[in-house]
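Reader: I would like a careful look at one part of this model, namely its charged side-chain pairs, and then at the surroundings in which they sit. Please spell out the cut-offs behind each term as you go.

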Amino acid sequence: MNTTDQPSGWRRWWLGVRPPTLGLSLVPVLLGTALGVRLGGSFDLASFLVAVFCVLCIQAGTNLFNDAGDGARGADGADRLGPVRLVGSGLASVAEVRGAARLCFVLALAGGLLLAWWNGGVILLIGLASLLAGWLYSAGPRPLSHTPWGESCVLLFFGLVAVAGSCFLQTGRFSALALAFGVVPGLYAAAVLLVNNTRDLVQDRRVGRTTLACLLGRQRAQKLYAVLLLLPFGLLPMLAAALGLPWLGAVPLVLVPTAIVLVRRFGQREGRALNQQLKDTARLQALLCAVLVGCLLF
């Protein structure tokens, strides 16, 4: 990057929190809130807004810790195929990025304490678990981001935990149905990470990482991606039957052709072109969950 073109001030930090990924944390909160209202909860606007604030701070902090961790290990070199990173590009030091990440986590913890005051201590436990997972994703001698468990962690926290926790805030109780609904955005969030790791497969193998994409190889990763994108459409009829909302299983099917197109493109795109695949996958997740929210509320 030309030094004259480098962002400064708040723009570099906005770049560092990776805006295209923030929707992955917001979508399950919206879905869980809509499900909570459908299950008889009274919409709690204050809890919803604080929950949104918390998940965005956790996502931003996790991204910054990842930036600092990879930058400290020298993993974001000149051959990087993904978007620019703060440490790797010299926009900020490791200490600065870690400090910003800690600030995000402190803000999330403050929001979590407020939610716990309003809704009970179990919400604080969920928040602490999410913060720990966000830190472990990039910290320690064996970060989760360097192992085959990254996609599973994302499925759990960007799917099941986020949807069930958001539903709890509206109903005051945990629901097995909310956990089941969480699988839908969670699978798409895992697909986004799989695209990211497939793009970086060669570089990751070179430095000794064993991500799921490294273990599977490109062809099998493409098959798994197809499963992650299409499986939710098979789950929706069962979720619709549990709620007695037949249109919940039928209306989202309009997005199946889009999912099939993305599966085909994943097999055709390579290198930096996979950055667009990542964005397209996140966009499809948002569209699918927007349709589900509409079906739940109207």
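Author: What follows starts with the salt bridges and then turns to the helices, the loops and one patch on the surface.

This is a predicted model, in which local features need pLDDT of at least 70 and side-chain atom pairs count only at pLDDT 80 or more, while totals for chains, interfaces and linings use all residues. Residues are numbered from 1 along each chain as its sequence is written, and side-chain values use heavy atoms, with hydrogens and water left out.

Side chains of opposite charge can pair when their charged atoms come close. The structure holds six salt bridges, a salt bridge being a side-chain nitrogen of Lys or Arg within 4 Å of a carboxyl oxygen of Asp or Glu. One of them joins the side chains of aspartate 70 and arginine 209, with an N to O distance of 3.0 Å. This pair links distant parts of the chain, 139 residues apart, since aspartate 70 belongs to helix H3 (residues 45-72) and arginine 209 to the loop between helix H8 (201-206) and H9. Helices here (H or I, at least four residues) are DSSP runs, numbered from the N terminus, as are strands (E, at least two).

Arginine 209 also forms a salt bridge with aspartate 204, where the closest N and O atoms are 3.0 Å apart. Asp70, Asp204 and Arg209 are thus linked in a network of salt bridges. Aspartate 70 and arginine 209 are both buried, a word that stands for under 20% relative accessible area, with exposed meaning over 50% and partly exposed in between (1.4 Å probe, protein chains only). Arginine 209 counts as buried because its relative accessible area is 14%, and aspartate 204 is buried as well, because its relative accessibility is 3%.

Another salt bridge pairs aspartate 280 with arginine 269, and the closest N and O atoms of this pair are 3.1 Å apart. Aspartate 280 lies in helix H12 (residues 273-297) and arginine 269 in the loop between helix H11 (256-268) and H12, so the pair ties together parts that are eleven residues apart in sequence. Aspartate 280 has a relative accessible area of 12%, which means that it is buried, and arginine 269 is buried with a value of 17%.

The two helices on either side of that loop can be described by their axes, which are lines fitted to C-alpha atoms, for helices over the stretch in contact, with angles running from 0 to 180 degrees between N-to-C directions. The axes of H11 and H12 come within 11 Å and cross at roughly 160°, and the two helices are therefore roughly antiparallel to each other. By the convention used, angles under 35 degrees count as roughly parallel, over 145 as roughly antiparallel, 65 to 115 as roughly perpendicular and the rest as oblique. The crossing of H11 and H12 is left-handed, in the sense that the near helix is turned anticlockwise from the far one by less than a right angle, clockwise being right-handed. Within H11 lies leucine 262, which is buried at a relative accessible area of 4%. The C-alpha atoms of leucine 262 and glutamine 277 are separated by 7.4 Å, although these residues are 15 residues apart along the chain.

Helix H3, which carries aspartate 70, has an axis that comes within 8 Å of that of H4, the two crossing at roughly 155°. H3 and H4 are therefore roughly antiparallel to each other, and H3 passes H4 in a left-handed crossing. The axes of helix H7 (residues 176-199) and helix H9 (residues 212-243) come within 9 Å and cross at roughly 160°, which makes H7 roughly antiparallel to H9. Here too, H7 passes H9 in a left-handed crossing.

In the loop between H9 and helix H10 (246-250) is leucine 245, which counts as buried at 4% relative accessibility. Leucine 245 and cysteine 295 are 50 residues apart along the chain, and their C-alpha atoms are separated by 8.1 Å.

Most residues other than glycine have a negative phi. Arginine 18, however, has a positive phi of about 60° although it is not a glycine. Arginine 18 lies in the loop between helix H1 (10-16) and helix H2 (19-38), and it is buried, with a relative accessible area of 12%.
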